[in-house]
Amino acid sequence: MSIALEHVSYVYSPGTAYEKHALKDVSFEIPQGQFVGIIGHTGSGKSTLIQHLNGLVRATSGKVLYEGQNIYDEGYNMRALRSQVGLVFQYPEYQLFEVDVLSDVCFGPKNQGLSPEECEKNARKALELVGFPEKYYKQSPFELSGGQKRRVAIAGVLAMKPKVLILDEPTAGLDPKGRDEILDQVEKLHKETGMTVVLVSHSMEDIARYVERIIVMNHGEKMLDGTPKEVFRHYKELEQVGLAAPQVTYVMHDLKERGFDVSPDATTIEEAADEIMKSFRG
Amino acid sequence: MPTEMIQAEKLIYEYDKRDEEGNIIGSERAIDGVDIDVPAGSFAAILGHNGSGKSTLAKHMNAILVPTGGTMWVDGRDTKDPDELWNVRQTAGMVFQNPDNQIIGTVVEEDVGFGPENLGVPTDEIWQRVEESLKAVGMLDRRKDSPNKLSGGQKQRVAIAGVLAMEPKCIVLDEPTAMLDPNGRKEVIRAVEELRKKKNVTVILITHYMEEVIDADQVFVMDDGHIVMHGTPREIFSRVDELKSYRMDVPQVTMLAEALRKRGLNLPKGILRREELVEALCQLR
């Protein structure tokens with residue numbers, strides 16, 4: 001039960017003047033139930049990468065294995081794959097279109113060929129999972145706030161009951177509270193359902209707080225792969241490729257340089273506060 | 001006669017609410033009695049949750065919207081006066097969140113040159129401005145590329161360069177970094193900062209990233225069409241609980257300082273920068 005890339009490369013406009021390697025020999029395996037973050041500067045290949053995970057983009061070379069089977073095998077059921085690997089694009093609220101929230105969320109399951117009762121049941125469950133209040137189910141999705149629209153869009157993917165949920169910058173453009181609410185909800189969802197979650201984000205602070213593993217992309221290649229602590233230890237290399245470590249990690253490094261007895265590995269506020277207090281108690 | 005670069009007095013913006021058939025069913029106030037003063041050459045930041053009215057306010061600063069009550073002056077010009085419209089637009093350049101709606105050229109450098117060309121700037125100077133602006137946003141090496149080959153973040157930097165090239169007295173940025181990676185964000189903020197220091201351009205920045213406003217001269221927090229908090233970044237970020245009640249946050253360093261205060265360390269309130277926190281902790285040792 002996993003999703004794996006083996007030596008995947010993807011080339012745009014091959015054989016023309018615009019030929020560009022968007023992905024170069026990328027390999028990794030994500031076991032079922034993992035919460036993974038993908039980071040990389042704009043244009044590093046993150047979005048191209050995640051579109052390989054549900055077969056939206058076909059690799060120029062290499063394999064994508066879902067539950068051990070190569071999705072490029074002849075006769076492979078791509079349709080089934082796409083309902084198991086749910087992809088939430090950037091600014092997904094632009095894809096809302098139905099007259100009310102519930103109908104919009106029903107669209108996915110309807111296309112899976114489920115009965116109307118089944119669709120509604122799945123849609124209600126999905127809206128509940130993203131913490132969307134029931135009193136707005138019959139409201140037009142266009143009259144909701146930015147954060148609520150995004151919840152509905154995520155529910156639209158969850159209603160297809162995917163085993164893997166991929167979110168491409170789900171908090172872009174949301175206010176700080178809205179950002180925390182969405183990510184807390186995703187974390188809860190991950191814990192409750194055991195779903196694999198792949199989170200693409202530009203916020204190192206958010207990534208550090210939520211995920212158990214980080215894959216760093218740079219110029220189409222996998223640059224680093226490890227726990228947040230392991231990855232953010234390479235903060236100088238990350239800076240060279242347009243990324244950074246969370247701010248607290250820098251504070252810890254500064255303190256260590258000034259002679260404090262602290263481990264510079266802290267990546268969240270709580271870890272940093274604990275570590276600093278420990279050094280004061282000596 | 002107002003002397004500030006941006007000045008609003010009792011500003012109100014009201015719009016009609018309509019039903020599906022287009023009949024008016026009431027009115028809504030997006031801006032409700034806002035007073036602000038932004039002196040020339042200063043840096044003001046506006047914070048507020050989604051739907052608080054901050055973008056509506058920003059759109060008044062270059063007369064995309066005109067007030068339905070009260071007055072907005074831009075460099076002393078009343079934005080309600082139709083004869084001043086083009087002067088107002090030339091004074092205040094605007095950068096939006098989504099670069100796809102702002103790019104029109106088929107080649108990066110032509111897109112950036114479009115603004116000054118329309119202002120009648122001599123050709124030599126256009127190219128000089130294009131080069132400077134692209135350099136300021138770190139996109140000089142892509143000047144010959146087609147914008148549709150760029151990523152979202154790269155396009156945004158080109159859009160900002162396009163406004164910079166018109167050398168406005170004031171630049172209004174409405175969540176310009178929402179789609180950028182950490183380095184892109186830093187570059188944009190740095191470019192904007194340079195512009196203010198070197199060319200004395202007034203900067204109005206709307207953002208959801210708290211770290212981006214710590215260098216502002218003043219911060220306004222909006223909620224429900226009102227200004228609910230106003231002060232220096234240090235004053236504003238000292239009021240953590242109040243800010244959170246408006247769905248805002250504080251910089252991570254400030255949060256860490258706050259967490260340490262709650263655990264009994266005697267740190268001052270309103271720490272904004274990493275160096276300040278490190279210094280304060282060294283003092284305590």
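This report walks through a predicted model with two chains, A and B, from the build of one chain to the contact between them.

**Chain A as a whole**

Let us start with chain A, which has eleven helices and ten strands. How do its overall values look? The table gathers them.

| Property of chain A | Value |
|---|---|
| Span of the C-alpha trace along the principal axes | about 65 × 55 × 35 Å |
| Radius of gyration | 20 Å |
| Buried share of the 282 residues | 47% |
| Share joining residues at least 24 apart, among contacts between residues at least 6 apart in sequence | 62% |

The radius of gyration is worth a second look. A compact globule of 282 residues would come out near 19 Å, so the 20 Å of chain A agrees with that expectation.

**Where the chains meet**

Now for the contact between the chains. Chain A brings 33 residues to it, and chain B brings 33 residues too. On the chain A side, the elements giving two or more residues are α5 (146-158), α6 (176-193), α7 (204-210), α10 (247-257) and α11 (269-281). Sorted by class, this side of chain A holds 17 nonpolar, eleven polar and five charged residues.

**A helix under cover**

Next, have a look at helix α9 of chain B, residues 252-262. Why is this helix described as largely enclosed by the rest of the structure? Eight of its eleven residues are buried, which is the reason for that description. The buried ones are B:Gln252, B:Val253, B:Thr254, B:Met255, B:Leu256, B:Ala257, B:Glu258 and B:Leu260.

Which elements help to cover these buried residues? Both chains take part: the cover includes α7, α10 and α11 of chain A, along with α7 (233-238), α8 (240-245) and α10 (274-284) of chain B. Just after α9(B) comes B:Gly264, whose phi is positive, at about 105 degrees.

**The nonpolar cores**

B:Leu256 of that helix turns up again in the largest nonpolar core, which has 94 residues. The members that touch the most other members are A:Val251, A:Ala272, B:Ile46, B:Ala161, B:Ile204 and B:Leu256. Helix α5 of chain B (residues 152-164) gives the most to this core, with six residues.

B:Ile46 makes a good example to follow on screen. Setting aside neighbours within four places in sequence, B:Ile46 is in contact with B:Lys54, B:Leu57, B:Ile204, B:Ile206, B:Phe220 and B:Met222. There is also a second, separate core, made of 67 residues and including A:Leu23, A:Val130, A:Ala153 and A:Ile182.

Terms used: Residues are numbered from 1 along each chain as its sequence is written. Chains are lettered from A and ligands numbered from 1 in the order in which they are written. This is a predicted model: local features need pLDDT of at least 70, side-chain atom pairs count only at pLDDT 80 or more; totals for chains, interfaces and linings use all residues. Two residues are in contact if their C-beta atoms, placed from the backbone, lie within 7 Å. Helices (H or I, at least four residues) and strands (E, at least two) are DSSP runs, numbered from the N terminus. Ala, Val, Leu, Ile, Met, Phe, Trp, Tyr, Cys and Pro count as nonpolar, Asp, Glu, Lys and Arg as charged, and the others, Gly among them, as polar. A residue is buried if 20 or more other C-beta atoms lie within 10 Å of its own, exposed if 12 or fewer, and partly exposed in between; C-beta atoms are placed from the backbone. The radius of gyration is taken over C-alpha atoms; the globule rule is 2.2 Å times the number of residues to the power 0.38. A nonpolar core is a set of buried Ala, Val, Leu, Ile, Met, Phe, Trp, Tyr and Cys residues joined through C-beta atoms within 7 Å.
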